[in-house]
Amino acid sequence: MSSSKNSGLRINNLHVAYQKGQLALGEMNLTLPEHGIYTVIGPSGSGKSTLLRAIAGLLPGYEGELLFNGRSVHDKETLIGLVPQNYGLLPWKTVRDNIRIAMKIARPGGGSSNRQEQDGKILHWLESMGIAQLAGRFPLSLSGGQQQRVAIARAFAILPTILLLDEPFSALDALTREGLQQIFIDNWQAHPATTLFVTHDVEEAILLGQKIIVMLPGQQEPPEILDNSAVFAMKHGDKRESDEYFEQSKRIRKVMMEKW
Ligand SMILES: Nc1ncnc2c1ncn2[C@@H]1O[C@H](COP(=O)(O)OP(=O)(O)OP(=O)(O)O)[C@@H](O)[C@H]1O
Ligand SMILES: [Mg+2]
């Protein structure tokens, strides 16, 4: 058995209420191994964004425990990258500067990198998301899907320990989305942050997660957690056509039919 020191992200007995007596997130218990990736699906209002906000340290309070390798996730050593549902870009900064600022906040000393090196890194992450040509633009001059890609590039650029993505591909058309899922997996494999990926797309949940956390409505029941390792082990391009994918999709739809 692994010790708590390298047990990854542990969520113990988490409950969140924005207003007293009104649960936004019912009881949640989860262990996500370090360098693992789980997807989260659930009906609107089931607490998916709240879960990510709690981990990211954006809530004034919650009940329960959030640990990374045995210490609070909010310790300074644990760098958390968040792609919020509304992208969270600074409108008065260019795409390039949005990423630069995030890198600066993540590593205030900047390590040893000078401006030129930094620009190289920024360009690398923008290129990886297919949007290098947008570096000098301002967020509000971009489409929703382009803004989402900037937000994803920014999250990767800080090389976070924990990566939290809140429906990051929701504004993309099906084809662009498929392309970016592949790019995302490639990036994640090169820098396997411990990742929670929220989506409302069943297909995407199956294509990207080692496990799938299916949130239930009403904040009364804990989520169902489905093992997805059989699909995850396949080559990305083969997943969609596989029997395992089909079976998993049936399983999730059954939970949705019965409980959502
Ligand atoms: N800032 C807030 N103040 C009060 N209640 C909130 C706040 N944010 C969310 N809630 C409530 O908490 C519950 C969970 O919301 P949350 O945004 O986490 O759901 P979600 O699963 O992300 O939904 P969606 O799929 O629509 O994004 C909802 O009932 C919502 O109305
Ligand atoms: Mg949400």
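Reader: Does H2 pass H3 in a left-handed or a right-handed crossing?
Author: This is a predicted model. The axes of H2 and helix H3 (residues 115-128) come within 10 Å. As H2 passes H3, the crossing is right-handed.

Reader: Are H2 and H3 roughly parallel or roughly perpendicular to each other?
Author: Start with the angle: the two axes cross at roughly 115°. Angles of 65 to 115 degrees count as roughly perpendicular. H2 and H3 are therefore roughly perpendicular.

Reader: Which residues of H3 make the contact with H2?
Author: H2 brings Val 95, Arg 96, Ile 99, Arg 100 and Met 103. By class, the contact has five nonpolar, one polar and five charged residues. From H3 come Arg 115, Gln 118, Asp 119, Lys 121, Ile 122 and Leu 126.

Reader: Are H2 and H4 roughly parallel or roughly antiparallel to each other?
Author: The axes of H2 and H4 come within 9 Å and cross at roughly 30°. Angles under 35 degrees count as roughly parallel. H2 and H4 are therefore roughly parallel.

Reader: How many residues in the contact of H2 with H4 are nonpolar?
Author: H2 passes H4 in a right-handed crossing. Val 95, Asn 98, Ile 99, Ala 102 and Met 103 of H2 meet Val 150, Ala 153, Arg 154 and Ala 157 of H4. One residue of this contact is polar and one is charged; the nonpolar ones number seven.

Reader: Which residues coordinate the magnesium ion (ligand 2)?
Author: Look for the donor atoms, OG and OE1. They sit at 2.0 to 2.3 Å. Their owners are Ser 49 and Gln 85.

Reader: How many residues apart in sequence are the parts that Ser 49 and Gln 85 tie together?
Author: Ser 49 lies in helix H1 (residues 48-56). Gln 85 lies in the loop between strand S6 (80-83) and helix H2 (95-106). So the pair ties together parts whose separation in sequence is 36 residues.

Reader: Is Gln 85 buried or partly exposed?
Author: Buried means under 20% relative accessible area. Ser 49 has 13%, so Ser 49 counts as buried. Gln 85 has 40%, so Gln 85 counts as partly exposed.

Reader: How many of the nine residues of H1 are buried?
Author: H1 is mostly covered. Its buried residues are Lys 48, Ser 49, Thr 50, Leu 51, Leu 52, Ala 54 and Ile 55. Of the nine, the buried number seven.

Reader: What phi does Gly 57 take?
Author: Gly 57 comes just after H1. Its phi is positive, at about 80°.

Reader: Where does Asn 69 lie?
Author: Asn 69 is not a glycine, yet its phi is positive, about 45°. Its relative accessibility is 17%, so Asn 69 counts as buried. Its place is the loop between strand S4 (63-68) and strand S5 (71-72).

Reader: Is Asn 13 buried or partly exposed?
Author: Asn 13 is in strand S1 (residues 9-19). Its phi is near 55°, a positive value in a residue other than glycine. Its relative accessible area is 39%, so Asn 13 is partly exposed.

Reader: What is the relative accessible area of Gln 148?
Author: Gln 148 is found in helix H4 (residues 144-157). Leaving aside neighbours within four places in sequence, Gln 148 is in contact with Tyr 87, Glu 167, Pro 168, Phe 169, Ser 170, Ala 171 and Leu 172. Gln 148 is buried, with a relative accessible area of 1%.

Notes:
Residues numbered from 1 in each chain as written. Chains lettered and ligands numbered in written order. Predicted model: local features only at pLDDT ≥ 70, side-chain atom pairs only at ≥ 80, totals over all residues. Heavy atoms only, no water. Donors = N, O, S within 2.8 Å, 3.2 Å for Na, K, Ca; no water. Helix = DSSP H or I, 4+ residues; strand = E, 2+ residues; numbered from the N terminus. Buried < 20%, exposed > 50% of the residue type's maximum accessible area, 1.4 Å probe, protein only. Axes fitted to C-alpha atoms, helices over the stretch in contact; angles between N-to-C directions. Parallel < 35°, antiparallel > 145°, perpendicular 65-115°, else oblique. Left-handed = near helix turned anticlockwise from the far one by under 90°. Contact = heavy atoms within 4.5 Å. Nonpolar A, V, L, I, M, F, W, Y, C, P; charged D, E, K, R; others polar.
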